[in-house]
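Morning, everyone. Please bring the model up on your screens. I have two topics, a helix pair and a pocket.

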Amino acid sequence: MTSSGMYDYAGEWIYRVGIPAKSGVGGGILAALPARLGLGSYSPKIDKHGNSVRGIKVCEALSRHYDLHMLNRSDDARNSIIADYDIGKNPSRRDRRPQERNILAAHHSDVRVIELVGTLSFSNVDYVSRQLAAKPRPQFVIFDLRRVTSMTRAGARLVAEEFRELATHGVTVILSGIKRDSREWGIIGEWTADISNVRDFYLLDAAIEWAEDQVVYRYGGAIDFHETTELSEQALLAGLTPEELTDLASIAPVRSYRPGQMVITSGEPATSLFFLRSGAVHVTLPDGIRLATLTAGMAFGEMALLETHRSADVVADTAATAREIPLRDFERFRKQHPRASERIMRNLAQLLADRLIVANTRVDLLTAN
């Protein structure tokens, strides 16, 4: 098909179109690009070589539009996906309250994350589309592009077509790992600017968190940063009696923080632990990597029970209040209430084990492909 499938026009065909093909004097053309696509056209008007005039034009246009020339192939489409999972296997780093966790556990398949790598070419995007179609359609699809090194115009066109197809089914597309001032965003934006169901977040975790929030809202949950919680709702204090909680509250004055205020600074001595009453805070490493987002009912700074110095920063996302318990007062409480002390340390061990399980799951997702 490559050397003589198009009669005396075979050489020109491979130069211009680059897809092995066989024509017939009846006006048909069959073309095949191994592991990428097959196509057929029919139009009876033929040229002096016995090939369909319109068929040649169609194949030229398709080859140029989707960059299908056989000599341009430089990668294996199967390697374009480094991880493919839903939020049941890899949720956001935001610690959530029981009601939210229950909703997300029941609807974890509503959010699918596909982490891409390498070049977004026609064949790679086609492979991603087929992988997406192989499973039940979710409500949200996150495409993480932070490992994408380049993007062809043909790949961007096909991405846009996939987004439009998802939009017709009510699926929201979320892009992460790409900055709006980047060349790649310019290429994607050229073809997706008119699509209303596309959102973007630079950080993958922020994208997952936003999608989780939408699922919580859709199924009757509420995320109220102004809600005030009590010590009895803290996971770290689960199992304590009302009397023990009352004694603990007596040594835990309420502190208020404005949006953007630093609550804990990495490297400083660990002298207190905190129980968030309202608002939200985020925990980040010194290099800016976010470890978690915490909302009312969550504890932070609890590693002070194990470490002498802070290993991360904690910053208020919104106006927030928290009960702060100095370690010296907390140690006196533990001596006065040994049963409560044992329960708190068991709860801490469980929280750390849960975090380790999530971290191991993330590693498994990235090494399984």
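How are helix 5 and helix 6 oriented to each other? Keep in mind that this is a predicted model. Start with the geometry. Helix 5 covers residues 153–168, and helix 6 covers residues 183–192. Their axes come within 9 Å. They cross at roughly 45°. An angle from 35 to 65 degrees counts as oblique, so helix 5 and helix 6 are oblique to each other. The crossing of the two is right-handed.

Now, who makes the contact? On the helix 5 side we have Arg-153, Ala-156, Arg-157, Ala-160, Phe-163 and Arg-164. Helix 6 answers with Ile-187, Glu-190, Trp-191 and Thr-192. By class, the contact of helix 5 with helix 6 has five nonpolar residues, one polar and four charged.

Next, the pocket. The largest one has a volume of about 1,500 Å³. Its lining comprises 50 residues. Which residues lie nearest the centre of the largest pocket? They are Arg-93, Asp-95, Ala-292, Leu-351 and Arg-355.

Which helix gives the most to that lining? Helix 10 does, with 10 residues. Helix 10 runs over 338–367. Helix 3 (98–106), strand 13 (290–295) and strand 14 (299–300) also supply at least two residues each.

Last, the chemistry of the lining. The largest pocket has 26 nonpolar residues there, along with nine polar and 15 charged.

That's my tour. Over to you.

Terms used: Residues numbered from 1 in each chain as written. Predicted model: local features only at pLDDT ≥ 70, side-chain atom pairs only at ≥ 80, totals over all residues. Heavy atoms only, no water. 1 Å grid on protein atoms, 1.4 Å probe; cavity = no way out; pocket = protein on both sides within 12 Å on 5 of 7 lines; lining within 4 Å. Points joined across faces, edges and corners; volume = space filled by probe spheres on them. Helix = DSSP H or I, 4+ residues; strand = E, 2+ residues; numbered from the N terminus. Nonpolar A, V, L, I, M, F, W, Y, C, P; charged D, E, K, R; others polar. Axes fitted to C-alpha atoms, helices over the stretch in contact; angles between N-to-C directions. Parallel < 35°, antiparallel > 145°, perpendicular 65-115°, else oblique. Left-handed = near helix turned anticlockwise from the far one by under 90°. Contact = heavy atoms within 4.5 Å.
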